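Please examine the sequence and the three-dimensional structure shown here. The paragraphs that follow proceed from the chain as a whole to a few of its residues.

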Amino acid sequence: SSLNIIEQRSALIEICLQSLLREGSPFNVSPPLFWFLCPTDAGSGKVQKDHGSSQTSVLGKTIGLVVQVHSKKSLKQLLYAQHDSCAGCYKRLDVAKGLVQGFVQTLGWGKPRFCEYSGQLFCASCHLNETAVLPARVLQQWDFTPRRVSQLAKAYLDSIYDQPMLCVGAVNPHLYSRVPILAHVTELRRSLSKLFSCIRCPSRAQMHQILGPQRYLLECNDFFALRDLEDLSKGAFAVLPGLMNIIYEKLKAHITRQCSICRDAGEWCGAGFLCEDPFTPIFPFQDDIVTRCQFCHLVFHNPCFQKCGCCPCKSGGKDKGINGSGLQI
């Protein structure tokens, strides 16, 4: 039928035009024609696969977070995946074919430039050989060596430098065992989170204001900003651990001694008259010095529990639970 003939001829024309696109000079294409020949998947920025090819290319002026190190590819593979076009402005990328052109490109003029962040080739206008620390290298290898990136990648990395977008536990949980200071700061964050949950007075808003953009450090999660990880790479000279220790001690003093409102967040020892320190409440962040019953959730100072022997709720029962008492230490 006529409809089938039109579809067949359209497919042949598209194949013919794409072959011209791959052939290069003297055939050049404008961006609109390029995108007609290389349709994308519903605005995702990913070019659909060519017939008989397993390579895909991501082109356009949008960029996202990359946390995996790119596999090495040859210049020929990269040019083929990008249809010999710059990933930023779609300008044709020329590779040296003559003596003069080859000499010029050895000087860095007109040679396609590789972006270490996106894994793509750019022209000299879209890639000025600026450098940046790559999140993927940091999370995978704890490598903070600045690498050459395109202008688009440089602007994006600068914009997220102080944003908590890097989840260490999700990307590479083994990094905690390799970098002790990172594991230490993560434990500090968990302790700070428990402390901050006890703040019930206006100091809560004041603490957020003091920390400013770093108030996410009061949350118990694995998200860090690139700025935090870069600071921790300094080892003994890192600022973040000292800052968090100061905040911890100030919050602890505020809750336990200075503020009567926040002091009410504490619980009294379940030992009653046997308690060695009956005027000191127990707070949620003091897990290391208390014992909590897993049945009634009553809390004891460790020395007080040793006096009692077991929780009152199980003192007459046969099943004593954990350690014969139903208590967790």
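Accessible areas are obtained by the Shrake-Rupley method with a 1.4 Å probe. In this predicted model, the protein chain has an accessible surface of about 18900 Å². Carbon and sulfur atoms account for 57% of that surface. The protein chain has 329 residues, and 39% of them count as buried.

The chain can next be described by its elements and contacts. It contains 14 helices and eleven strands. When contacts between residues at least 6 apart in sequence are considered, 60% of them join residues at least 24 apart.

One helix deserves a closer look. Helix H12 covers residues 240-258, and His254 lies within this helix. Is His254 buried or exposed? The relative accessible area of His254 is 14%; because buried means under 20%, His254 is classed as buried. Apart from neighbours within four places in sequence, His254 is in contact with Ile199, Cys201, Ser203, Cys259 and Cys262.

The cysteines lead to a further point. How many disulfides does a search of the whole structure find? The search finds zero. Cys201, accordingly, is in no disulfide, and its nearest cysteine sulfur, which belongs to Cys262, is 3.5 Å away. A disulfide requires two cysteine sulfur atoms within 2.5 Å, so the pair at 3.5 Å does not count as one.

Two cysteines may finally be considered for their accessibility. Cys201 counts as buried because its relative accessibility is 10%. Cys220, at 46% relative accessibility, counts as partly exposed, a class that lies between the 20% and 50% limits.

How values were computed. Residues are numbered from 1 along each chain as its sequence is written. This is a predicted model: local features need pLDDT of at least 70, side-chain atom pairs count only at pLDDT 80 or more; totals for chains, interfaces and linings use all residues. Side-chain values use heavy atoms; hydrogens and water are left out. Helices (H or I, at least four residues) and strands (E, at least two) are DSSP runs, numbered from the N terminus. Buried means under 20% relative accessible area, exposed over 50%, partly exposed in between (1.4 Å probe, protein chains only). Contact means heavy atoms within 4.5 Å.
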